[in-house]
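Welcome to a short set of exercises on reading a protein model. Keep the sequence and the structure open beside you, and try each task before you look at its solution.

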Amino acid sequence: MVLDLSILPLAFQFTSPGPILLKIGPLTIRWYGLLIATAVLIGVILSQNLAKRRNVNPELLGDLFFWLLIGAIPGARLYYVFFEWPKYASTPEKIFAIWEGGIAIHGAILGGVLAALIFAKIKQVSFWQLADLVAPSLILGQAIGRWGNFFNSEAFGDPTDLPWKLYIPPDHRPLEYASADYFHPTFLYESLWDLMVFTLLITLFFRSLAGKPRLKVGTLFLVYWPAYSLGRLWIEGFRTDSLMLGPLRMAQVVSSLGILLGLVGLAWLYLLKRPLPDVVPTSKVNGESGR
């Protein structure tokens, strides 16, 4: 039997079926919304399960996710609109049309961190303990959410003839690439990278439970930053629609800061052997970490 390898590349040519999953009368269900809802649901279940294993009240994580949504969704949209203001200045009614796409994960994280800090202060619990429990869910949610870009035919890379390529409809292509049909599927690159980071974080979590090694509070969230940001740094270089500040791609700027802050935080914990600043007394944080 002879295997015809010439047909193999066809399996890697992605074509979006469109952004709409289902229409029932006036109700429109979009893939983007379904993926975000799925990511949130899985994130809550996973974080609550991890909380139980750390002897943290799982209901606390359920309450936290409500706060995270309040901070993350507006943060993601406002961050995007800020850097794309010329596009929205003439159509301000589109600013709130989040179902059409146009959110930024860095804005979501910043908004979520702010909400989590306020939540931790009100509940008098360690921010870093919460961040550790949410970090695996966060990166898994990013892996799922990136497929929303696929269905919306957005956030793709430069034109390519590689076997793994993404077809972009003419009305979604940048003007300078109007004659190109296939582009780098950067949504796929980042989704796969995020899954690898998720595997790293979840492995560290369970090894820590077994004491191999016993991680300090805040470690998982600090590892998340450089691990995710390294991938985003190089993947962003393929993108044709990066949010820009002058000549700088903002995602690469923020990713570079994320790598730096994550490494500094880890050095603070393990080289200087000092606890991270928190919203509750250090003694309370240390007490929670051993439960």
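**Exercise 1.** In which helix do Tyr224 and Tyr228 lie, and how many residues apart are they? Then classify their ring pair and their burial.

*Solution.* Please note that this is a predicted model.

- Step 1: Tyr224 and Tyr228 both belong to helix H7, which covers residues 219–235. They are four residues apart, about one turn of the helix.
- Step 2: Look at the rings. The centres of Tyr224 and Tyr228 are 5.7 Å apart and the planes are at 10°. Planes under 30 degrees apart count as stacked, so the pair of Tyr224 and Tyr228 is stacked.
- Step 3: Check burial, where the cut-off for buried is under 20% relative accessible area. Tyr224 has 0% relative accessibility and counts as buried. Tyr228, at 0% relative accessibility, counts as buried too.

**Exercise 2.** Classify the aromatic pair of Trp67 and Phe119, and find which helices it ties together.

*Solution.*

- Step 1: Start with the overall search, which finds 26 aromatic pairs in the whole structure.
- Step 2: In the pair of Trp67 and Phe119, the distance is 5.8 Å centre to centre, with 65° between the planes. Angles over 60 count as edge-to-face, so Trp67 and Phe119 form an edge-to-face pair.
- Step 3: Trp67 is in helix H2 (residues 58–83) and Phe119 is in helix H4 (residues 105–123), so the pair ties together parts that are 52 residues apart in sequence.
- Step 4: Phe119 is buried, with a relative accessible area of 1%, whereas Trp67 is partly exposed at 28% relative accessibility.

**Exercise 3.** Describe the surroundings of Arg146, a residue that an unreviewed UniProt entry lists for "binding site".

*Solution.*

- Step 1: Place the residue. Arg146 lies in helix H5, residues 127–152.
- Step 2: Arg146 has a relative accessible area of 11% and is buried.
- Step 3: Leave aside the neighbours within four places in sequence; the contacts of Arg146 then include Phe187, Glu190, Arg232 and Arg239.
- Step 4: Phe187, one of these contacts, is also a member of an aromatic cluster with Phe14, Trp31, Trp147, Phe150 and Phe151.

**Exercise 4.** Which strands stand at the edges of the sheet with the order S1-S4-S5?

*Solution.*

- Step 1: The three strands make an open sheet, and their pairing is mixed.
- Step 2: Strand S1 (13–15) and strand S5 (182–183) stand at the edges; each has a single partner strand, so one side of each is left without a neighbour in the sheet.
- Step 3: S1 pairs with strand S4 (residues 165–167) in the parallel sense, over three bridges. Within this pairing, Gln13 has Lys165 as its bridge partner in S4.
- Step 4: Follow Lys165 a little further: Lys165 lies over the face of Tyr182, at 4.6 Å from the ring centre.

**Exercise 5.** Describe how strands S2 and S3 are joined.

*Solution.*

- Step 1: Strand S2 (residues 20–24) and strand S3 (residues 27–30) run antiparallel and are joined by four bridges.
- Step 2: Lys23 stands opposite Thr28 in S3.
- Step 3: S2 and S3 form a hairpin with two residues between them. In the turn, Gly25 has a positive phi of about 60°.

Note on methods
Residues numbered from 1 in each chain as written. Predicted model: local features only at pLDDT ≥ 70, side-chain atom pairs only at ≥ 80, totals over all residues. Heavy atoms only, no water. Pairing = 2+ DSSP bridges. Phe/Tyr/Trp six-rings, centres within 6.5 Å; stacked < 30°, edge-to-face > 60°. Buried < 20%, exposed > 50% of the residue type's maximum accessible area, 1.4 Å probe, protein only. Lys NZ or Arg CZ within 6 Å of the ring centre and 35° of its normal. Contact = heavy atoms within 4.5 Å.
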